[in-house]
Structures are given as structure tokens and as C-alpha cells.
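Hi there,

Here is the structure I promised to pass on to you. Please have a look at it first, and then read my notes underneath.

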Amino acid sequence: MSDSGNQTRENLEKDVAAHPFLIGLTQMHVRLLANCAMHSHFRAQEVIFREGETANRFYLIESGKVVLESAERIGGEPVVIDTIGPGDLLGWSWIFSPHTWHFTARAVESTMAIFFYGTILREYCEKDSAFGYELFKRMSEVMMRRLQRARGQLIEAMRKTVRKK
């Protein structure tokens, strides 16, 4: 491998280790993640993945903004489920069977992310249960935060509906 290749790998490891979602992982686990990662860029309005497609990856957002949308439409427009920004995780369906996306993800502005091959990570998680548990625990925290946020949005929408009556 050339020096530039080593430098790129070192930079990727540093970026993986510094992302808020992964801070505190062991160096060995950071290396495992970096081995199946690469930097990604999405243009504004670019679809990152679509509802119903195979979920075989996930992203850690470094900059920019992504919306999660439902295929269901209201007034011709997709329903925005959530907005994800820097420091956030995008995509956890890669870890749960049947490994299909439940929403569509679309960059709403230029977005930089670290891409991870979920299929490879599932194998790493099977071989190293401590690594798998750590990833699952971190993803579960994100899921709980997002479920609570969705619950709050639902309650607020219900209050608005009641006030209109």
C-alpha cells in the first residue's frame, strides 16, 4: 500500500474514532469499523436509500442534513419522519432481519458521511460478541431517542387537531 493509502486509512480511522456515535470504542473496534468504511458525499436532493430496498449499510453523518421520508404521501408530498444531521447515525435496518429499509433517506443539502458495509459488520458482530453488543447498545440509544422524538411529534399533532375542532 502506498503512503497516500496509509494516510487515507489513518485519516479514516481518526474520523471513525472521533464521530460522536463511536467515541470511546476500543482501538481494535475502531480498526474493525474503519476496515469496512469509506467517506461518502451526497448532493442536495440525492436519495441515499429507498424504502423497501435491501439494507446492507449505514452512515455516520459528518456534515449536512438528511431527511427520512415515508413512501406514503399526503397532498402529493412524502411524509417527513425525521431529520438527521452532523453527529447522527443514518440507518439501523442493516442489523435487523429482514434487512430492508423502512424509509427513504434523502440529503436535503450537501452531506458528508462515513459509509459502513453492514453485511461485513454483521459478520464481525457474530465473531466478536463484545463488539456486536457495543454497536447494538449504541444503536438502541439512537432508536430510543428517535422514538421519543416521534412520540412528541405525534402528541403535538394530536393537540393541534383537537384545537382545530
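Below is what I found, going from the overall fold to the pocket, the salt bridges, the surface and the backbone.

Please keep in mind that this is a predicted model.

**Overall layout**

The protein has 4 helices and 8 strands. Reading from the N terminus, the order of the elements is α-α-β-β-β-β-β-β-β-β-α-α, so to speak a run of strands with helices before and after it. Along the principal axes, the C-alpha atoms fill a box of roughly 65 × 35 × 25 Å. The chain counts 165 residues, and 38% of them are buried.

**The largest pocket**

The largest pocket has a volume of about 360 Å³. Its lining is made up of 21 residues, and those closest to the centre are L68, I81, W92, F103 and R146. Which elements supply at least two residues each to this lining? Both strand β5 (77-84) and helix α4 (129-164) do, and α4 gives the most, with 6 residues. As for the character of the lining, 11 of its residues are nonpolar, 7 are polar and 3 are charged.

**Salt bridges**

Over the whole structure, the search turned up 6 salt bridges. The one I would like to show you first joins the side chains of R146 and D82, with an N to O distance of 3.8 Å. R146 sits in helix α4 and D82 in strand β5, so this salt bridge ties together parts of the chain that are 64 residues apart in sequence. You will recall R146 from the pocket, where it is among the residues closest to the centre.

Are the two partners buried or exposed? R146 has a relative accessible area of 9%, which is under the 20% cut-off, so it counts as buried. D82 is buried as well, at 9% relative accessibility.

D82 has a second partner: its side chain also meets that of R149 in a salt bridge, at 2.7 Å from N to O. This pair, too, links distant parts of the chain, with D82 in strand β5 and R149 in helix α4, 67 residues apart. R149 has a relative accessible area of 37% and is therefore partly exposed.

Then there is a salt bridge inside helix α4, between R138 and E134. The closest N and O atoms of R138 and E134 are 2.7 Å apart. Because these two residues are 4 apart in α4, about one helical turn separates them. R138 is buried, with a relative accessible area of 11%. Coming back to the earlier pairs, salt bridges with shared partners join D82, R146 and R149 into one network.

**A nonpolar patch on the surface**

On the surface, M38, Y117 and I120 form a nonpolar patch, and together they have about 240 Å² of accessible area. M38 belongs to strand β1 (residues 37-42). Its relative accessible area is 37%, so M38 is partly exposed.

**Backbone details to look at**

Most residues other than glycine have a negative phi, and most peptide bonds are trans. With that in mind, here are some places to look at in the model.

Where is P98 found? It is in the loop between β6 (89-90) and β7 (104-107). The peptide bond from S97 to P98 is cis, with omega near 15 degrees. H99 lies in the loop between β6 and β7, and its phi is positive, near 60 degrees.

Q45 also has a positive phi, near 75 degrees, although it is a residue other than glycine. You will find Q45 in the loop between β1 and β2 (47-49). With a relative accessible area of 48%, Q45 is partly exposed.

That is the tour from my side. If you have a moment with the model open, the D82, R146 and R149 network and the loop that holds P98 are the places I would show you.

Best wishes, and enjoy exploring it!

Methods: Residues numbered from 1 in each chain as written. Predicted model: local features only at pLDDT ≥ 70, side-chain atom pairs only at ≥ 80, totals over all residues. Heavy atoms only, no water. Patch = residues over 30% accessible without salt bridge, like charges linked within 9 Å, V, L, I, M, F, W, Y side chains within 5 Å. Areas by Shrake-Rupley, 256 points an atom, 1.4 Å probe, with all protein chains shown as cover. Salt bridge = Lys/Arg side-chain N within 4 Å of Asp/Glu carboxyl O. Buried < 20%, exposed > 50% of the residue type's maximum accessible area, 1.4 Å probe, protein only. 1 Å grid on protein atoms, 1.4 Å probe; cavity = no way out; pocket = protein on both sides within 12 Å on 5 of 7 lines; lining within 4 Å. Points joined across faces, edges and corners; volume = space filled by probe spheres on them. Nonpolar A, V, L, I, M, F, W, Y, C, P; charged D, E, K, R; others polar.
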